[in-house]
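I opened this entry to keep track of what I looked up and in which order. The structure comes first, then my notes.

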Amino acid sequence: MGLLDEIKNYNDLAIEAKERIERVYLDDNRPWVVGYSGGKDSTTALQLIIETLVLMKKKNIKLNKKIYVISSDTMVETPLIISSIANNLEQIQRFVNANHLPVDYSLVIAPVVADLCTTPV
């Protein structure tokens with residue numbers, strides 16, 4: 001299998017994934033909560049969801065439910081990772097706002113709790 005065949009295969013998989021996302025989205029009116037860590041899996045899932053919403057809107061399909069994107073700062077990640085996630089979420093929010101998509105995001109920050117790992121001995 002050559003590179004072009006592999007690209008075609010990935011494109012076919014993305015189309016199939018978007019068709020499934022659309023079917024599930026239209027199945028009911030319950031809102032979705034999507035976890036976003038900034039890693040390759042959650043980034044791919046979120047990108048497919050947003051691309052599906054854009055395609056649905058172009059087909060004049062009513063976007064009848066809210067999608068909440070949640071990311072959490074567990075206070076363990078490096079400042080660079082947290083900054084990158086926050087920047088990505090801001091870019092996503094600007095895109096969904098500009099395209100009038102029913103997506104909102106929240107960055108949840110864990111409270112600092114004294115335990116064996118944080119309490120000096």
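Does Lys65 count as buried or exposed? I looked up its relative accessibility and found 3%. Lys65 therefore counts as buried, the cut-off being under 20%. I note here that the model is predicted.

**Entry 1: the salt bridges**

I went on to the charged partner of Lys65. The side chains of Lys65 and Asp28 meet in a salt bridge, 2.9 Å from N to O. This pair links distant parts of the chain, 37 residues apart. Asp28 sits in the loop between α1 and β1, and Lys65 sits in the loop between α2 and β2. Salt bridges with shared partners join Asp28, Arg30 and Lys65 into one network.

I then checked the other link in that network. Asp28 and Arg30 meet through their side chains in a salt bridge of 2.8 Å, N to O. Arg30 has a relative accessible area of 59%. That is over 50%, so I logged Arg30 as exposed.

How many salt bridges does the structure hold? I found five. One of them joins Glu16 and Arg20, with the closest N and O atoms 3.0 Å apart. Both residues lie in helix α1, residues 3–27. They are four residues apart, about one turn of the helix. I looked up exposure for both. Glu16 is partly exposed at 35% relative accessible area. Arg20 is also listed as partly exposed, at 47%.

**Entry 2: the sheet**

Next I traced the strands. Three strands form an open sheet, and I read the order as β1-β2-β3. The pairing is parallel. Which strands stand at the edges? I found β1 and β3 there, each with a single partner strand. One side of each is therefore left without a neighbour in the sheet. The twist averages 25° from one strand to the next.

I took the strand pairs in turn. β1 and β2 pair in the parallel sense over four bridges. Val34 has Val69 as its bridge partner in β2. β2 (residues 67–73) pairs with β3 (residues 103–109) over seven bridges, in the parallel sense. Val69 has a bridge partner in β3 too, Tyr105. I followed the chain from β2 to β3, and it passes through helix α3, residues 79–98. This β-α-β crossover is right-handed.

**Entry 3: helices on the sheet**

I returned to the β1 and β2 pairing, four bridges in the parallel sense, and looked for helices packed on the sheet. α2 packs there and touches β1, β2 and β3. Its direction makes about 145° with that of β1. α3 packs on the sheet as well, touching β2 and β3. The direction of α3 makes about 160° with that of β3.

**Entry 4: Ser71**

I picked one residue of strand β2, Ser71. Its relative accessible area is 1%, so I logged Ser71 as buried. What lies 2.8 Å from a polar atom of its side chain? I found the backbone oxygen of Tyr36. I then listed the contacts of Ser71, leaving out residues up to four places away in sequence. They are Tyr36, Ile85, Leu89, Ser106, Leu107 and Val108.

**Entry 5: Glu22 and Met56**

I went back to helix α1 for Glu22. Is Glu22 buried or exposed? At 16% relative accessibility, Glu22 counts as buried, because the cut-off is under 20%. Apart from neighbours within four places in sequence, Glu22 is in contact with Thr52, Met56, Lys59 and Ile61.

I followed the contact to Met56, which lies in helix α2. Met56 is buried, with a relative accessible area of 0%. I listed its contacts with the same kind of exclusion, up to four places in sequence. Met56 touches Glu22, Tyr25, Leu26, Ile61 and Leu63.

My last lookup was a distance. Met56 and Lys18 are 38 residues apart in sequence. In space, I read 9.8 Å between them, C-alpha to C-alpha.

How values were computed:
Residues numbered from 1 in each chain as written. Predicted model: local features only at pLDDT ≥ 70, side-chain atom pairs only at ≥ 80, totals over all residues. Heavy atoms only, no water. Helix = DSSP H or I, 4+ residues; strand = E, 2+ residues; numbered from the N terminus. Buried < 20%, exposed > 50% of the residue type's maximum accessible area, 1.4 Å probe, protein only. Polar contact = N/O pair within 3.5 Å; in protein donor to acceptor, adjacent residues only side chain to side chain. Contact = heavy atoms within 4.5 Å. Pairing = 2+ DSSP bridges. Right-handed = clockwise from strand over helix to strand, strands pointing away. Salt bridge = Lys/Arg side-chain N within 4 Å of Asp/Glu carboxyl O. Axes fitted to C-alpha atoms, helices over the stretch in contact; angles between N-to-C directions.
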